[in-house]
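Reader: Hi! I'm new to this one, could you walk me through it?
Author: Happy to. Let's put it on the screen and begin.

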Amino acid sequence: MSTILHIETSTEVCSVAVSEDSHVIFAQDDHSGPNHAERLGTMVDEALSFTDNHAIPFDAVAVSCGPGSYTGLRIGVSMAKGICYGRDLKLIAVPTLELLCVPVLLREIPEENALLCPMLDARRMEVYAGIYDRALKPVREIGADVVDETTYKEYLDQRPVYFFGNGAKKCMDTINHPNAHLIENIEPLAKWMQPLAEKRLLNGQIEDVAYFVPYYLKDFVAKMPKNLLNL
């Protein structure tokens, strides 16, 4: 199969993991942040030392690409790209909201038709959110939502929706619908990236290391003249 280094820095939590053949063999989380600039290098060095000591060659680096903290994403993506250049590895981008769904899917959700709505806190009643079915097929694309009682009503009127992530709890009183369910303490951690990263690697969904940018810069880069991108 494959060995992948996973880096997650989209929220205040900084985490690193290594997976080999669908099993997580190294994982480290730091919840004392935000201090990614200080902690990420040490954590990555420990992960690399672990695999080097066991003579395990890497195939790729997977990094959470957002949405999330601008500073955190920049630090994580910069580290991932540096390792890819230094070790000639492939780069895999894992969307943060999909990543949040992984630990939820490992739980018992009784309704077969339930929808998942991961949320990352922006400010006030704003969140970055997406809506997925249980196969992680997008039902609604990622958006920056100002949450009121009607924001998700069209989905809630049809079936149960599970809300989670660090932006979810503040929204529940406003959403106030019998089909709305809150799952607390769900964080995007590197150890949950393995199934998403391996699927992308298997499907050839590899990023261009030179031009890859986090979620919040994608529109900006798309509008740049090609001659500037090739400088």
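Reader: Which side chain does the side chain of Asp 30 make a polar contact with?
Author: The partner is the side chain of Arg 39, at 2.6 Å. A polar contact here is a pair of N or O atoms within 3.5 Å; within protein, one must be able to donate a hydrogen and the other to accept it, and residues adjacent in sequence count only if both atoms are side-chain atoms.

Reader: Thanks! Anything I should know about the model itself?
Author: This is a predicted model, where local features need pLDDT of at least 70 and side-chain atom pairs count only at pLDDT 80 or more, while totals for chains, interfaces and linings use all residues. Residues are numbered from 1 along each chain as its sequence is written, and side-chain values use heavy atoms, with hydrogens and water left out.

Reader: Back to Asp 30, is Asp 30 buried or exposed?
Author: Asp 30 counts as buried, at 9% relative accessibility. Buried means under 20% relative accessible area, exposed over 50%, and partly exposed in between (1.4 Å probe, protein chains only).

Reader: And what is Asp 30 in contact with?
Author: Setting aside neighbours within four places in sequence, Asp 30 is in contact with Glu 12, Val 13, Cys 14, Asn 35, Arg 39 and Met 43. Contact means heavy atoms within 4.5 Å. Asp 30 itself lies in strand 3.

Reader: Okay, strands. How many helices and strands does the chain have?
Author: There are eight helices and ten strands. They are DSSP runs numbered from the N terminus: helices are H or I with at least four residues, strands are E with at least two.

Reader: Which way do strand 2 and strand 3 pair?
Author: They pair in the antiparallel sense, over seven bridges. For two strands to pair, DSSP must find at least two bridges between them. One bridge joins Ser 19 to Val 24 in strand 3. The hairpin of these strands has two residues between them, and Asp 21 takes a positive phi near 50° there.

Reader: What about strand 1 and strand 2, how many bridges do they pair over?
Author: Six, again in the antiparallel sense, with strand 1 covering residues 3–8. Ile 7 stands opposite Val 16 in strand 2, and the hairpin that joins strand 1 to strand 2 runs through five residues.

Reader: How many residues of strand 2 are buried?
Author: Six of its seven, so strand 2 (residues 14–20) is mostly covered.

Reader: Switching topic: how many aromatic pairs does the structure hold?
Author: Three. In one of them, the rings of Phe 26 and Phe 50 have centres 5.6 Å apart and planes at 40°, so the pair is tilted. Rings of Phe, Tyr and Trp (its six-membered ring) pair if their centres lie within 6.5 Å; planes under 30 degrees apart count as stacked, over 60 as edge-to-face and the rest as tilted.

Reader: Where do Phe 26 and Phe 50 lie?
Author: Phe 26 lies in strand 3 (residues 23–30) and Phe 50 in helix 1 (residues 36–53), so the pair ties together parts that are 24 residues apart in sequence. Phe 26 is buried, with a relative accessible area of 14%, whereas Phe 50 is partly exposed at 24%.

Reader: Nice! Last one: what is Tyr 155 in contact with?
Author: Beyond neighbours within four places in sequence, Tyr 155 is in contact with Leu 115, Ile 131, Val 139, Arg 140 and Val 161. Tyr 155 is found in helix 4 (residues 153–156) and counts as buried, at 12% relative accessibility.
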